[in-house]
Amino acid sequence: MKQWSELAEKVLEGETITNKEALSILECPDEDVPLLLHASYQIRKRYFGKKVKLNMIMNAKSGLCPENCGYCAQSSISTAPIDTYKMVNKQTLLEGAQRAYDLDIGTYCIVASGRGPSNKEIDHVVDAVEEIKETYGMKICACLGLLKPEQASRLKEAGVDRYNHNINTSERNHSNITTSHTFEDRITTVDTAKFAGISPCSGVIIGMKESKQDVVDMAYRLKSLDADSIPINFLHAIDGTPLEGVDELTPLYCLKALALFRFVNPTKEIRMAGGREENLRSLQPLGLYAANSIFIGDYLTTDGQEETEDHKMLSDLGFEVESVEEMKENIAKGQ
């Protein structure tokens, strides 16, 4: 069908697709998904070629969170049996960075549960980040919750390159997922990081009983936020959370969602994130015709696939990993 290739050409000419066109991507007939992915790849190839960015998570603080997010095993209302611990020591953070560097992973993500970091926790992260940057020079992403301006400034000075704070869902659906903070609280934190000069990373979780229009609204909201990196998570429903048992997604719908975010945010890093193994299953490789980034290893409270399997997948597709050295060059160029 010409529909998808013509829509890709429109995007490559610098135009923004309409809401109707965006919805049509999510409503693409299943048998046309290969054609949709081909069109998505034309956009991906223009801006990223065959390169794939690798990211690794360090779960620096687990559980003990007062928030009531319905998807999260670490929330105050979850009964999921998970490990809970306060902020890990500096040596553990450094060892995680060493492991990421050895695997040639460009971005090391320090993630801590909670509503937001205490100043003492900021001190701890700053101390570790300064040494990691000096030793390895890799890109550092922090994800510590709601952020105050002075905290953002300290993270920037220490060398944090990126700050993650997901919008998770649409503004309309937000109160169905959590009531302990507002959608605007999340937007404010993304803006706070941007104002401090930190690259904003913000994404979504798909499969939380939202409508197709909600998914489209998420894509446009991230475009308006100018998020540089957009992780697309697919709900991995965890027993003991309010969303336990929710199973709305199919592998083909997940591919359509990835394509949507590529069409709406053509120049941005689109990442296949949490739940890709559970929801895309055998179709995971096809997602990289729209996405240009993945997490390697485990997530916060769920397992990923073996690092070697991810590398095999990329090699089999003919894609090339963006090395740590290439990443350093891009940072120097302001990319």
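**Two cavities and two helix contacts**

Good morning, everyone; the structure that you see above holds two cavities of 30 Å³ or more, and please keep in mind throughout that this is a predicted model. I will start with the second largest cavity, whose volume is about 30 Å³. Which residues line the second largest cavity? They are Cys69 and Tyr71, then Ile167, Asn168 and Thr169, and further along the chain His174, Ile177, Thr178, His181 and Arg186. When we sort this lining by class, we find five polar residues and four nonpolar ones, together with one that is charged.

Let me now step back to the whole protein, which has 14 helices and 10 strands. Its radius of gyration is 19 Å, and because this is close to the 20 Å that the globule rule gives for 335 residues, the protein is as compact as a globular protein of that length. If you follow the C-alpha trace along its principal axes, you will find that it spans about 55 × 45 × 35 Å.

From here I turn to the helices, beginning with α3, which covers residues 33-48, and α10, which covers residues 251-264; their axes come within 10 Å and cross at roughly 35°. The crossing in which α3 passes α10 is left-handed. On the α3 side the contact is made by Val33, Leu36, Leu37, Ala39, Ser40, Ile43, Arg44 and Phe48, while α10 brings Leu252, Leu255, Lys256, Ala259, Arg262 and Phe263. By class, this contact of α3 with α10 has 10 nonpolar residues, three charged ones and one polar one.

The other pair I would like to show you is α4, residues 90-102, and α5, residues 119-135, which pack at an angle of about 35° with their axes 10 Å apart. What is the handedness of the crossing in which α4 passes α5? That crossing is right-handed. Here Lys90, Leu93, Leu94 and Ala97 of α4 meet His124, Asp127, Ala128, Glu131 and Ile132 of α5, and the residues of this contact divide into five nonpolar, three charged and one polar.

Thank you for listening.

How values were computed. Residues are numbered from 1 along each chain as its sequence is written. This is a predicted model: local features need pLDDT of at least 70, side-chain atom pairs count only at pLDDT 80 or more; totals for chains, interfaces and linings use all residues. Side-chain values use heavy atoms; hydrogens and water are left out. Axes are lines fitted to C-alpha atoms, for helices over the stretch in contact, and angles run from 0 to 180 degrees between N-to-C directions. Helices (H or I, at least four residues) and strands (E, at least two) are DSSP runs, numbered from the N terminus. A crossing is left-handed if the near helix is turned anticlockwise from the far one by less than a right angle, and right-handed if clockwise. Contact means heavy atoms within 4.5 Å. Ala, Val, Leu, Ile, Met, Phe, Trp, Tyr, Cys and Pro count as nonpolar, Asp, Glu, Lys and Arg as charged, and the others, Gly among them, as polar. On a 1 Å grid over the protein atoms alone, a cavity is a set of points where a 1.4 Å probe fits but cannot get out, and a pocket is an open set with protein on both sides within 12 Å along at least five of seven lines; lining residues have an atom within 4 Å of a point. Grid points are joined across faces, edges and corners, and a volume is the space filled by probe spheres set on the points. The radius of gyration is taken over C-alpha atoms; the globule rule is 2.2 Å times the number of residues to the power 0.38.
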